[in-house]
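Colleague: I have this model open and would like to understand one small part of it properly before I look at the rest. Please choose a single loop residue, take me through its surroundings slowly, and explain each term when you first use it.

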Amino acid sequence: MARQPTRRHAEPLETEEPRPLALDAINRAIIEQLQQDGRRTYGAIAEAVGLSEAATRVRVRQLLDAGVMQIVAVTDPLRIGFKRQALIGIKVDGDLEKVTEQLVAVPEIDYVVICAGSFDLLVELVCEDDDRLLALLNGQIRSTPGVRSAEIFVYLRLAKQTYSWGTR
């Protein structure tokens, strides 16, 4: 299944220091249950992890409130008309934060990471087709003040995708 931009309409990731929350074996088991099926009932999760339904509900709320996890619907972009996905490595001159803010505002961009190494930013986008990709590259990415260069890695096929971080 192809990776969908789950963050497209979600709130931006917080830049403030997250509140620490201990991920004990039960919290990890709850997360695993929700990773398998985000619609699983508190009762079913409770039975699987060995807690009461009320205690499970409290733990899920704590995990959500602490920003440890989100419960979202993941779609397959190919099945809903988005035929082009790409990762773009961007080199920036000047204020990295300003460039980041401008790219975060582009609706087709679902992932922006400030990084170290060959690129200053890694940007993932999902769009309808190659014409839209070209329009985004020329009209919004390469024309952004401070973008020195952009190297595009077009996805041909997704070989693996997992959402099991933090539970293994």
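Modeller: Let us take T144, which touches V99, Q102 and L103 when residues up to four places away in sequence are not counted; contact here means heavy atoms within 4.5 Å. What you are looking at is a predicted model, in which local features need a pLDDT of at least 70 and side-chain atom pairs count only at pLDDT 80 or more, while totals for chains, interfaces and linings use all residues. Residues are numbered from 1 along each chain as its sequence is written, and side-chain values use heavy atoms, with hydrogens and water left out.

T144 sits in the loop that lies between α5 (130–141) and β4 (147–154), where helices (H or I, at least four residues) and strands (E, at least two) are DSSP runs numbered from the N terminus. Although it belongs to a loop, T144 counts as buried, because its relative accessibility is 7%; buried means under 20% relative accessible area, exposed over 50%, and partly exposed in between, using a 1.4 Å probe and protein chains only. A polar atom of the T144 side chain also lies 2.4 Å from the backbone oxygen of Q140. That counts as a polar contact, meaning a pair of N or O atoms within 3.5 Å; within protein, one must be able to donate a hydrogen and the other to accept it, and residues adjacent in sequence count only if both atoms are side-chain atoms.

The residues that T144 touches lead us to helix α4 (residues 96–104), whose buried residues are V99, T100 and L103. Those buried residues are on the same side of α4, because they cover an arc of only 100 degrees around the axis, the arc being that of the directions from the helix axis to the C-beta atoms. On the other side of α4, K98 and E101 are exposed. The buried residues of α4 pack against several elements, namely β1, β2, β3, α5 and β4, and at the start of the helix a side-chain oxygen of D95 comes to within 2.9 Å of the backbone nitrogen of E97.

Just before this helix, the loop between β1 and α4 holds D93, which is partly exposed, with a relative accessible area of 43%. Apart from its neighbours within four places in sequence, D93 is in contact with G146 and R148, and its side chain makes a polar contact of 2.9 Å with the side chain of R148. Another residue to compare with it is D120: the two are 27 residues apart along the chain, and their C-alpha atoms are separated by 9.3 Å.

One of the strands that α4 packs against is β3, which covers residues 121–127 and has six of its seven residues buried. Strand β1 (residues 84–92) runs antiparallel to β3 and is joined to it by seven bridges; two strands pair if DSSP finds at least two bridges between them. Within that pairing, A86 stands opposite L125. Strand β2 (residues 109–114) also pairs with β3 in the antiparallel sense, over five bridges, and here I114 faces L121 while V113 has L122 as its bridge partner. The hairpin of β2 and β3 has six residues between the strands, and G117 takes a positive phi near 120 degrees in it.

To place this part within the chain, notice that there are five helices and four strands, which follow the pattern α-α-α-β-α-β-β-α-β along the sequence. Of the 168 residues, 30% count as buried, and among contacts between residues at least 6 apart in sequence, 68% join residues at least 24 apart.

Finally, a word about confidence, which is expressed by pLDDT, the predictor's confidence in each residue, from 0 to 100. The chain averages a pLDDT of 87, and 86% of the residues score at least 70. Over residues 1–12, however, pLDDT stays under 50, and the model has 36 contacts beyond four places in sequence for that stretch. Where pLDDT is low, the predicted coordinates should not be read in detail.
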